[in-house]
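Work through the exercises below with the coordinates open. Each task is followed by a solution in steps.

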Amino acid sequence: MCGIAGAVGCRGDDMRAAVAAMCDQMVARGPDDGGVVDIAAGDRSVALGNRRLAIIDPTPAGHQPMRDEARGLTVVFNGMIYNYRELREELARDGEQFASSCDTEVVLKAYARYGEACVRRLRGMFAFAIWDGRRRQLFMARDPLGIKPLYYWQHGGSLLFASQVKALLQSGRVPARISAGGLQTYLAFGAVSEPLTAIEDVFALPAGCTAVLRDGDLRVARYWSPPHSGGVQRSREDAAVELRALLEDSIDRHLVSDAPLGVFLSGGIDSSVLAALAASRTSRLRTVSVVFDDPAFSERPYIDLVRERIGSDHVSVMLRPDSLLESLGGAFAAMDQPTFDGVNSYVVSRAAASSGLKVALSGLGADELFDGYGYESRMASLELARRLPQPVARFAGGVMRAAGRSGNDDKLDAWLSHREQGDSSYELLRRLFLPNEVARLSPCRDDRGIVSAVQAVDRSRDLSGQVSALDLTNYTKNVLLRDTDAMSMAHSLEVRVPYLDQPLVEWVLNLAGPARRGGHKRLLVEATRDLLPPEIMDRRKQGFALPISRWMRESMRAEVESTLREPPAALSELLNPDAMIDVWERFVVDGRRWLSAWSLFALCRWAQTIATPVGRAA
């Protein structure tokens, strides 16, 4: 795992200094090694840089930037290729010679042999850039699910890229001007929807895409999209057997490491299954848990059941309110972009790193693949209710509210009354603020990104595959994966996500609904029930939650209120302070919608970490 950066510009530009500054900002991503190289490119100047967290072949042979002098190729790579051993053997049979045993060199040789199509042969999480001197082009690529980030800024004939938005700001060339469009998507969903970012004119290379820069022209192309067929018929029994085999194969590949590796263990089904599978395939697995002294938030009894069953070398970190609050400053500093989530990832990653791990496996992705949120039934109810006549719809809404099927009465009322223009029940469920609320909070209306962020549901097709695909391309990518990357790398920790292994994801999305359907991740449970006691496999979802609502009403109340009343200068022209205070005061009165108030506070705290002043986005 690494941090990468680069610049391509006109003759005379000091590209090396810009790249060195970006790498300096990302030392935590790669404390083991680093380097910056200048490359002669005729009338253009090119510089590539890297900060290395050495996981595979930690010897100097894996140093980056890595070059193939004979072919005029230079690569900077971030990630892990899980099929690198097979690819290496294939390339060696074709005559390629290797000077290291790391996956970075496999990527370099794969590009040399297969060109831009090399990405279709890579199985893993990655973001990389290759300067091709013969073709006089920069080639960039990002993994299919967007596990690893890659951002770029282009101005005139120059292009800068990096693993972090804040690294681009550190270059001294990218103006720290908050994007109005990015802000709109943050208010809508609690995180900026790519390809937009929180900074004007900085964009994310979309997941599953490549980009080629040649003669100042940037061409972005998609090489992978989530399948939507849902047409593969299987009995539930056969599907469970196939799923178990795919899970075991994914775990085997994700356990490959030349550095200390462990598993995040929360006591929930996802992480417990992951830990049990890993323990069955390696000797003396390390597991790491964070527990709270408040029983209302602690999952310690379930964690103890799992660790005793699998016999792991377990590390448990006890957190108390004071220590949690002390973590907030570091978490906000680690936020690369604003997010209403992420603090929990920061806390867990710090615990894993402090236990001596450099690699940790996470259960992220299982909820999205196996409908752990129960969105399929909720979306089906919403779609049905909206097609009913208004009197019947209002009655249905009352029943849904009484049954607790709606997490927010305002959302349900807006949906049933057709007051909102959106036609996506998924978008409604994932929205933080409704469109009218966003318009009041941020009068600088810019819908770029919101309009295309979430697709409407196709009512003629089975919902199960659509729910997973929508979650993977929205919430998972823009919130969970982005936060996990930023917060874990702040502690020099590589986090791997076996449930998001590409073959596994494609298999699940192609599976017909009847085999997948069932509450509480039924298919996953049936495929792995033999691994763990029923107290684990049959428990309700709890999730790793922090007592943020209580903090805001007690120890943090004065700080949150003062921050929202006087937001940072970076946001002053983009946010309506009266609307922000209204959100806060509603929370203080009734304690509801705490996430809305927290998201505004997190936005302000993030804005304090970037350069100011920042004016209105152009």
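The model is predicted.

**Exercise 1**

Task: Decide whether N50 is buried or exposed, then list what surrounds N50.

Solution. Step 1: N50 has a relative accessible area of 0%. Buried means under 20%, so N50 is buried.
Step 2: N50 belongs to strand β3.
Step 3: Two polar partners of the N50 side chain can be located. One is the backbone nitrogen of R52, reached at 3.4 Å; another is the side chain of Q64, with a polar contact of 3.3 Å.
Step 4: Apart from neighbours within four places in sequence, the residues in contact with N50 include C2, G3, I4, C23, D33, G34 and G35. Q64, P65, V76 and F77 are also in contact with N50.

**Exercise 2**

Task: Determine whether the peptide bonds Q64 to P65 and E194 to P195 are cis or trans, and place each proline.

Solution. Step 1: Recall the background: most peptide bonds are trans.
Step 2: From Q64 to P65, omega is near -5°, and the bond is cis. P65 sits in the loop that links β3 (44–52) with β4 (66–68).
Step 3: Between E194 and P195, omega is about 15°, and this bond is cis. P195 is found in the loop between α5 (180–189) and β10 (202–204).
Step 4: Link this to Exercise 1: Q64, which precedes the cis bond to P65, is the residue whose side chain makes a polar contact with that of N50.

**Exercise 3**

Task: Find the sign of phi at R136 and D215, and classify the accessibility of each.

Solution. Step 1: Most residues other than glycine have a negative phi.
Step 2: R136 is not a glycine, but its phi is positive, about 55°. D215 is likewise not a glycine and has a positive phi of about 55°.
Step 3: R136 is in the loop between β6 (124–132) and β7 (137–142), while D215 is in the loop between β11 (209–214) and β12 (217–222).
Step 4: With a relative accessible area of 35%, R136 is partly exposed. D215, at 61%, is exposed, the cut-off for that class being over 50%.

**Exercise 4**

Task: Give the strand order of the six-stranded open sheet and say which strands stand at its edges.

Solution. Step 1: The order is β4-β5-β6-β7-β11-β12, with antiparallel pairing.
Step 2: β4 and β12 each have a single partner strand, so they stand at the edges and one side of each lacks a neighbour in the sheet.
Step 3: On average, neighbouring strands of this sheet are turned by 15° against each other, direction ignored.
Step 4: For one pair in detail, take β5 (residues 73–81) and β6, which run antiparallel and are joined by nine bridges. I81 has G124 in β6 as its bridge partner.
Step 5: Helix α3 (residues 103–114) lies across β4, β5, β6 and β7, and runs at about 125° to β5.

**Exercise 5**

Task: Describe how α18 and α19 are oriented, and name the residues that meet.

Solution. Step 1: α18 (residues 463–473) and α19 (residues 475–489) pack at about 50°, with their axes 3 Å apart.
Step 2: The two helices, α18 and α19, are therefore oblique to each other.
Step 3: On the α18 side, the residues are L470, D471, L472 and T473; they meet Y475, T476, K477 and N478 of α19.
Step 4: Sorted by class, this contact of α18 with α19 has three nonpolar, three polar and two charged residues.

Conventions. Residues numbered from 1 in each chain as written. Predicted model: local features only at pLDDT ≥ 70, side-chain atom pairs only at ≥ 80, totals over all residues. Heavy atoms only, no water. Helix = DSSP H or I, 4+ residues; strand = E, 2+ residues; numbered from the N terminus. Buried < 20%, exposed > 50% of the residue type's maximum accessible area, 1.4 Å probe, protein only. Axes fitted to C-alpha atoms, helices over the stretch in contact; angles between N-to-C directions. Parallel < 35°, antiparallel > 145°, perpendicular 65-115°, else oblique. Contact = heavy atoms within 4.5 Å. Nonpolar A, V, L, I, M, F, W, Y, C, P; charged D, E, K, R; others polar. Polar contact = N/O pair within 3.5 Å; in protein donor to acceptor, adjacent residues only side chain to side chain. Pairing = 2+ DSSP bridges.
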